[in-house]
Structures are given as C-alpha cells and as structure tokens.
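Trainee: I would like to learn how to read a strand and a buried residue. Could you take me through them slowly?

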Amino acid sequence: MTKYFVALLVMFFVAWPTFAADPNGYNALYECRAGGPQCNVDVVGYVTASCAQTITTADSAGTINTKLNTGSSPICIENGDYTGKGIFTLTTSGTSGASRVLRYTRSSDNDDDPWNQSSANQAKLKSLDINASYWIIHRLTFPSIDVAFNGIARVDIGDFGFANNIISRVLIEGHTNGFSNLSDGMSIGGDNTTVQNSVVRNSWNFVGAEPMGISCGNGTDVHIVNNEIYDWSAHPIQCGQNNAPTMGGLVVENNDVYLTPAWYTGDGRTRAKSNLAIKSRGTSTNPIRIIHNRVWGSRVFDASLSGIVAGAGASFIINGPIPGGLSYILVQNNIIFDAQEGIEVVNGDDTNISFIGNLLYQIKKYYAGQFWSHAFAPESATASEIYLNSIIEAEVFTISGISGNMDIRCNAIIQSGAPETGPGGSGNIADFNVFYGSTLFTYGGTDTNINKTVTIHSKSKAYSIGDLMVPASLNNYMYRAVAAGITSNSSTTPCTVLGCTFTDGSVTWQAIRGPYTFYRKLLTSPESYTIPYARAHASTPEINACPSNYAARSGIGINNSN
C-alpha cells in the first residue's frame, strides 16, 4: 500500500498540475476532460461545437424523438419547459471518438450552470432514458414535478450492454412533499459511465420507498466525480444492491455528499439513511475507490418516516450480504465530519478493505436514543487495514467491532474517546499510533504507540519539556513545551502559525498541530470549513514514528499492485 502515500498524518491533497484545480487545489483523477489521466474525453470540445440540430419548445414529442435519434450531432436544446413532452429516449449510439451530444443552449448563453440559472433560462426535462452508448449530456435541468415516473429515474442510463456515456453539469431536483411517485434521481447501469460536475438534491421519501439520489446498480468502471448530492432520502448515493454485484473500477471521487438540518427530525435523527452506501464488490486487479470526498450531516435514521428498517445512518457504510461479503475497496483521503457515525462495515464477511488517509471529525452522539457513536466501526471486516487516518474529537468511541486479521497502524487519535471493544478475533495489530488526549488501545505488534495527555493551559503552572496543551480559549492549535518552566500569571497570546514558538513566563511553547481549512459545497456555494489539530508540523513526535514498512504485511487490504 505504500505507493499511495507520501506523508504521515498531514491532510494535504496534491493538485493535478496540468489542469485547473478546484477551490481546494485538487484535480479529480477520474473526471472526463481533455488529457484526463483516467478519462481522456474532451467534454468541453464536444459541448462547445456548433449545433447541428436544435430542439425547441415548439417541437412535438415525435419531432423531438426524431431529432434525438437521427441526423447529426451536437443536438442542442433551447431553454424552456419540456416536461409535458414525456420521456426523452436515446436509442442511437455514437462511437469512440465521435460521441453524440445533447446539450443546452440559449440566446446570449454565458455557460452558467443550471443551478444558477433562472427558471426561465433552464431547459427542463421530465426524464431522460439513455438506451445507447457514447452520449454526452450537458447542462440540462430535471425539475421537481409531481407526475408519475413509474419507477423510471429522472436520468436512467440503461445497462443492457450500453456503455461510455457521460453526464455533465446537470441539475436533478427531487420532491419535498412525500409525493408517492418518487424515483431515483439518477440510475446508472452499463460500463464506463461517468457522472460529473452535477447537482442532485432535495427529495423526501414516502412510507415504503427508498429512492436514491444517484443509484449505480451494476457495471464496471462507473465514475461519480465532482458532484454535489444532498438532502436526498433514502441514500444520496448507493452503489450496488443487496445481492452485491461485482463493480470493478467503481470510483466515487471528490463529491460533496451531505444532509442539512432541513432533513433532521428535531431529536437528533434524520429522514435519510447513510449518505454514501457501497453494496458492491471490487476485484483484486480493479478495486472500488472511494477517494477525496467530503461527507457530513448524517444522523440516526428515523425509520418511522419511511416504513423501512432502521439504519445507523452512517456517513459511509459498506454493507455486505449475508452470507457472502464485499471485498477490494479503497477508502482514501475522505473528510467525514458532523455525524453520529463515521465509517461502518456491516453484515457481510467483508475482506480486503483499505481505509487510508481519511480525516474524521466530530463524530458524536447527536441522538440520545442510541448509545453508540463510532468514528470507525469495521464490524464485519477482516484482512483489512486502517492506516494514516486522523480521528479528531470522536466523542464516544473511536473504533469498534474489530473482528480479526486487521492492521491498525500510524493513525492519529486526538481528543477522542475509547475503543468500544477489545481486539476480537486473532491476527489483529494496533501499533505505531499516536494518542493525544485520547484513550490508548494497543494489541499485537510491539506496542510502539505514542500516548500523551493534553491539558488546557493554566496560568502559573509548571510544565516539563514534551508536555502538550491547548489554550483555554481554543484556537485550533496544539502546543508542545520545548523549554520547561512556569507559565505566566497573566494572559499570554499564543502564536498561530504551524511550527511557531512563543514565550509564556519561563515556558517556551511550539505549535505542533494546527487547523486544516478546506472548502465544501464546491458547486452551489463554496464555503470554508476548519478542522482543528489536523495538520502536523515536522517537529511533532509522531512525524517520524511510522516505520517505512508499515504496510508490508501481505494478504490484507487491496492488492499491493493497485
């Protein structure tokens, strides 16, 4: 696993330098774009080419169908309301190197996103059924409308051998009135499908229904990239089904997936299940990758609102079948925060899962009716690894349900609770972790952990070299005494640059951990968010504590060649 990581316990994300970065300085690896490292399709070139045909609101449903499936491409669709024209169905395929295009246009078009357009400027469709290959769908709107969908998703990408379709910069609106004909926002089937740079939002389920924001039921190399999916119940994203299909190459990358307080029920529960649910298998040569997402706002699921069996409402859940299980899944560099439950692995006999470089913050008990709250709950996972993660302010339990043959190394646990249970089965190793103001756990290995108390700064108090403190007025920094002494009896203003030092009476303090600030809601309204203590300075005791061979243990996690 070492090829994935270049730094210890520091939440920096490296930009892809060839392309324009997002507000966090990141370029998604799996976005389809000219020169893209994983999908080299020039979407911009396709969607800026001159219109070969144009659909207008004056066209009949039959005329629209003819334009969609005969004649040249790109096919442009003018702004206007087409919801009364029925379902648009694509049956004519493009080819590799010559995709067919259905894209938005209007007079004086300024390339604005559909979620930033006025209602009059949107091109509004009831539903789109893609029974073809090599299509690019661009800048269309699927508004909230109370009509029967009969199980058809707003955007339905058929499987049946269709492949290589790209959905880009679309808006899908759900329903907030419990309407009884709810559907999935987007249903993905077929291989090499990419959904990117789109917004899917605002749908309440009704009793007995489980619509998904984005549902990918099967297919290989399905990529869900750079989207914003929020306030959708039951799951904003679900990939796979209860029969656990093999979906090698599934990628969920750089999405904002969240629930707002509008979806809370007032007692610490919510009307949605887990924000991100994986019910599919990867393969040793083509694992599933859940990478660089921001996931927040999940709570305990209130089953009374839907008539469905209650779920934990985890931010991210790997939910395997019984019997059987899921395998070959990489969960890397995600930020999971503001939730009752962080990452869960439940139900199946799940193996070969890698949790690496994730940042979990404020995982705590929002709903008093449930005693549990865990940052990690890999209850049904074996032959799996948890490396280089940071857990900060996990209020109740940091980790629970360790089954067997698990490797837990080189993680930072800061101002957090205890593990819920002991090591469980055989073959577990928890070693080379750092615990700052947290409850130590260790088993197997050599017990080479760092365990330090963190106190709140006090005036006129003696401190020794190596003591850790945080200011009484919390400022997102943690300090280490580098010169012993007695603190001042008056107020001292600490420095606030990582690695800086300041004098406090006869004590010298150095800022060894500081805040990590990033942007969330990247598409609709980028806003900054700060997590304390997440960045480590080179002087921290743990920075060189992780051995170079920490990931050398064979037979666990995803295949070392990936």
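Mentor: Let us begin with one residue, Arg201, which lies in strand S15 (residues 199-203); strands are DSSP runs of E with at least two residues, numbered from the N terminus. This is a predicted model, in which local features need pLDDT of at least 70 and side-chain atom pairs count only at pLDDT 80 or more, while totals for chains, interfaces and linings use all residues. Residues are numbered from 1 along each chain as its sequence is written, and side-chain values use heavy atoms, with hydrogens and water left out.

Trainee: Is Arg201 buried or exposed?

Mentor: Buried means under 20% relative accessible area, exposed over 50%, and partly exposed in between, with a 1.4 Å probe and protein chains only. Arg201 has a relative accessible area of 13%, so this residue is buried.

Trainee: Which residues does Arg201 touch?

Mentor: Contact means heavy atoms within 4.5 Å. Not counting residues up to four places away in sequence, Arg201 touches several residues, among them Trp115, Glu173, Tyr230 and Thr524.

Trainee: Why is strand S5 described as largely enclosed by the rest of the structure?

Mentor: Strand S5 (residues 100-105) is described in that way because six of its six residues are buried. Arg100, Leu102 and Tyr104 point one way from S5, whereas Val101, Arg103 and Thr105 point the other way.

Trainee: Which strand is joined to S5 by four bridges that include Glu78?

Mentor: Two strands pair if DSSP finds at least two bridges between them. Strand S2 (residues 75-78) runs parallel to S5, joined by four bridges, and the bridge partner of Glu78 in S5 is Thr105.
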